[in-house]
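Student: I would like to go through this model with you, beginning with one residue and its surroundings and then turning to the sheet and to the confidence values.

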Amino acid sequence: MSTPPKRPIFSALVIAAMSLASPLFTPSAHANLVVNGDFETGVTQKRDFGGIAVGGGDTVLLEGTLAGWGTGPSGSAPNVLATNERVYYAASSDPAPVPPPGGPHAGAVSAVFPNPYPYDGYISQAIAGVVNGSAYRISFWLSNQIGDANNNSLAAHWGGTDTGNGISGGTDIFGPVALTVPLGWTQYSVDVVATENNQRLSFRAGNAAAGNLLDDVSVIAIPEVSSFGMLTGLSLLALGATARFRRRSVATA
């Protein structure tokens, strides 16, 4: 009497597929590599301005440094703050009690670039964990809640060196023309390839009237296409092996 055929090839394919898939679906594979990308760390209570914060939704004005980020240029007026101060989320002349929608994109605060002309205030961070040659998705949220259009722009920069007075080297992610910051929170995403380990991400912005807002910055690794292709190929081979094993089992029985 014949015995059912063994399936060592099928088992090996399944194990290989699982081994390849496991690093693609672990939490660390999709972790945000940016330190304090939501700007909530290092924020302290500054003062209570009383009443209802126009747009901010909080009666306590929060302001602080941006932990994990370098700021510049050195020696100038405040360049970037983490804040929920109402002037940055809605014009102070707006009639109460129905202000326009506003406030941080998420959490208690967002970053604001209130610097006057020449509108060169920036934040910068060398992203630990970025590996030369690997692909990453950069995402962030922008808003210009008061509707000011004069000198209203933000540039995102990938790579280079923070000199304290600007970013030397690297490239502007969206080309030579800076983004015009929209009225109301809008998400921007772009895929990039690292050209060095721990590559630097920087933002430069300015606004004559109040300041442009930035929140929830993330840099997340994109799994290699080749890994997905290999995983798909092994899965198809495993399915084929399963079908053949079943046919042989039926024939033997």
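**A loop residue, a sheet and the confidence values**

Tutor: Gln 199 sits in the loop between strand 12 (186-193) and strand 13 (200-206), and we should keep in mind throughout that this is a predicted model.

Student: Is Gln 199 buried or exposed?

Tutor: Leaving aside residues up to four places away in sequence, Gln 199 touches Gln 125, Ala 126, Ile 127, Val 130, Trp 158, Gly 159, Val 193 and Ala 194. Its relative accessibility is 2%, and because the cut-off for burial is under 20%, Gln 199 counts as buried.

Student: Which backbone nitrogen lies 2.7 Å from a polar atom of the side chain of Gln 199?

Tutor: The side chain of Gln 199 offers a polar atom to this pair, and the partner belongs to the backbone. At a separation of 2.7 Å, that partner is the backbone nitrogen of Thr 195.

Student: Which residue in strand 13 is the bridge partner of Gln 125?

Tutor: Gln 125 is among the residues that Gln 199 touches, and strand 6 (residues 121-126) is joined to strand 13 by 6 bridges, the two running antiparallel. Within strand 13, the bridge partner of Gln 125 is Leu 201.

Student: Which strands stand at the edges of the open sheet that holds strands 6 and 13?

Tutor: The open sheet is formed by 5 strands with antiparallel pairing, in the order 3-6-13-8-11. A strand with a single partner has one side left without a neighbour in the sheet, and this applies to strand 3 (70-72) and strand 11 (171-172).

Student: Is Ile 222 buried, partly exposed or exposed?

Tutor: Ile 222 is found in the loop between strand 14 (212-221) and helix 2 (225-252), and its contacts, not counting residues up to four places away in sequence, are with Ala 135, Tyr 136, Arg 137 and Asp 191. Since its relative accessibility is 27%, and the class between 20% and 50% is the intermediate one, Ile 222 counts as partly exposed.

Student: Which element has the lowest mean pLDDT, and which the highest?

Tutor: The protein chain averages a pLDDT of 75, with 61% of the residues scoring at least 70. Over residues 49-58 the pLDDT is below 50, although this stretch has 23 contacts in the model beyond near neighbours in sequence; where pLDDT is low, the predicted coordinates should not be read in detail. Among the elements, the lowest mean, 50, belongs to helix 1 (residues 8-21), and the highest, 96, to strand 7 (residues 135-143).

Methods: Residues numbered from 1 in each chain as written. Predicted model: local features only at pLDDT ≥ 70, side-chain atom pairs only at ≥ 80, totals over all residues. Heavy atoms only, no water. pLDDT = per-residue confidence, 0-100. Helix = DSSP H or I, 4+ residues; strand = E, 2+ residues; numbered from the N terminus. Contact = heavy atoms within 4.5 Å. Buried < 20%, exposed > 50% of the residue type's maximum accessible area, 1.4 Å probe, protein only. Polar contact = N/O pair within 3.5 Å; in protein donor to acceptor, adjacent residues only side chain to side chain. Pairing = 2+ DSSP bridges.
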